[in-house]
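Reader: Please take me through the ligand site in detail. I would like the pocket, the residues around the ligand and the contacts they make.

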Amino acid sequence: MGLHAKITGTGMHVPERVVTNDDLARLMDTTDEWILQRTGIRERRHVTEGETPVDLAQAASERALEAAGRAAGDLDGIVLATLSPEADFPGTSFFLHDRLGVAEIPCFDLRAQCSGFLYALAVANGFIRSGAFRRLLVVGCEVHSTGIDLTTEGRDVAVLFGDGAGAVVVEADEEKPDGPGILEVRLHAQGRYARKLWLEAPGSGFWPVRITHELIDERRHFPRMDGRFVFKHAVTRMPEVLLETLDAASLKLEDVDLFLFHQANLRINEYVAQQLEIPAERCPSNIERYGNCSAASIPMLLDEAVRSRRLRPGQLVSMTSFGSGFSWASAVLRW
Ligand code: COA
């Protein structure tokens with residue numbers, strides 16, 4: 001048995017400011033009932049002035065390091081997944097690098113939207129198994145609230161998203177039979193549907209400049225989504241990749257103790273669980289409280305499961321995502 005990767009600590013952080021469905025109904029033509037019924041969301045968090053992605057990422061990372069019993073100086077790399085970076089460049093990971101005060105270790109951002117965390121976990125897994133890295137910080141971090149259209153025109157998207165960050169420390173370990181570790185990760189993408197859920201401006205696809213008053217007047221600096229199309233693909237791809245991953249690890253659905261689904265819409269996850277005949281108590285959610293935090297949703301949910309002792313040593317946990325790109329992924333770990 002060789003080297004493998006295991007998560008040794010988790011952490012999360014959300015802004016203090018709670019935005020309820022009723023708060024949104026004061027900004028746009030929507031209702032608590034509509035949002036709750038279609039999505040399961042009751043409230044989400046939004047940053048306040050002066051609070052930025054790196055603040056959330058730093059707090060989540062420090063908690064993950066503390067839980068792992070490690071200092072930032074023990075890390076030998078940082079991978080940060082986000083679709084809402086601190087600045088256009090450099091990546092948010094570089095600002096986090098500065099905050100954590102680490103030595104000259106490499107860091108980079110990874111862009112795979114709501115599947116970003118699982119893509120980043122797959123990268124960390126590969127890096128560690130290859131022997132190139134021993135201890136990595138993997139972060140998912142989003143500030144959506146400053147990038148969404150909080151008027152009636154943008155209501156289909158605006159009500160769904162929230163701000164937050166989740167982080168994990170991933171470390172190399174000698175593989176032991178039935179020991180903790182990442183067993184399998186499977187990643188997929190379908191660029192054909194890139195424009196079904198996207199934010200086009202500012203973008204280098206525009207000439208001669210990336211952002212103009214016209215683009216803003218046309219509201220093309222806000223995300224756009226074909227909600228029904230996304231829903232349909234999510235409920236097909238999530239079970240598909242979840243089963244593919246379990247199969248690759250020679251596991252069955254019944255073996256898994258906990259299923260952590262990306263928190264895009266409670267109805268999507270209920271539908272997936274129903275199709276696979278997974279009992280609801282094995283699918284925790286936090287979308288009611290935080291909405292969809294894209295790359296941060298899964299590590300936030302994982303941190304809650306660990307700290308509430310819903311996920312205990314020796315148990316099997318499956319994580320599955322679907323999002324813009326389209327991108328979808330699944331991982332199975334022994335805790
Ligand atoms: N409040 C009130 N009404 C709203 C609304 C809101 N926030 N957003 C949209 N509506 C209206 C629409 O304008 C439409 O009105 P119309 O019938 O007069 O045209 C009506 O509600 C139904 O819209 P529709 O988009 O068909 O609703 P839906 O049942 O598909 O639910 C979503 C919308 C967004 C909840 C659903 O499509 C969804 O969750 N899709 C997946 C989204 C997702 O997961 N995205 C992230 C992936 S990572």
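Author: The ligand occupies the second largest pocket of this predicted model. In all, 22 residues surround the ligand. The closest of them are T30, R38, G227, R228 and N265.

Three of these residues place polar side-chain atoms by the ligand. T30 faces a nitrogen: a polar atom of the T30 side chain lies 2.6 Å from a nitrogen atom of the ligand. R38 pairs with an oxygen instead, and its polar side-chain atom lies 2.6 Å from that ligand atom. N265 also reaches an oxygen atom of the ligand, with a polar side-chain atom at 2.6 Å. Now the cover. The ligand taken alone exposes 960 Å². Of that area, the protein buries 73%.

Next, the make-up of the shell around the ligand. Ten of its residues are nonpolar. Seven are polar, and five are charged.

Several elements build this shell. Helix 2 (32-39), helix 6 (155-158) and helix 8 (227-248) each supply at least two residues. Strand 12 (316-323) likewise supplies at least two. Helix 8 gives the most, with four residues.

Last, the domains. Both contribute to the shell around the ligand: domain 1 (3-174) provides at least three residues, and domain 2 (181-334) also provides at least three.

To sum up, the ligand sits in the second largest pocket, its shell draws on domain 1 and domain 2, and helix 8 is the element that gives the most residues to that shell.

Terms used:
Residues numbered from 1 in each chain as written. Predicted model: local features only at pLDDT ≥ 70, side-chain atom pairs only at ≥ 80, totals over all residues. Heavy atoms only, no water. Near = heavy atom within 4 Å. Polar contact = N/O pair within 3.5 Å; in protein donor to acceptor, adjacent residues only side chain to side chain. Areas by Shrake-Rupley, 256 points an atom, 1.4 Å probe, with all protein chains shown as cover. 1 Å grid on protein atoms, 1.4 Å probe; cavity = no way out; pocket = protein on both sides within 12 Å on 5 of 7 lines; lining within 4 Å. Sits in = over half its atoms within 2 Å of the grid points. Nonpolar A, V, L, I, M, F, W, Y, C, P; charged D, E, K, R; others polar. Domains from an automatic or database assignment.
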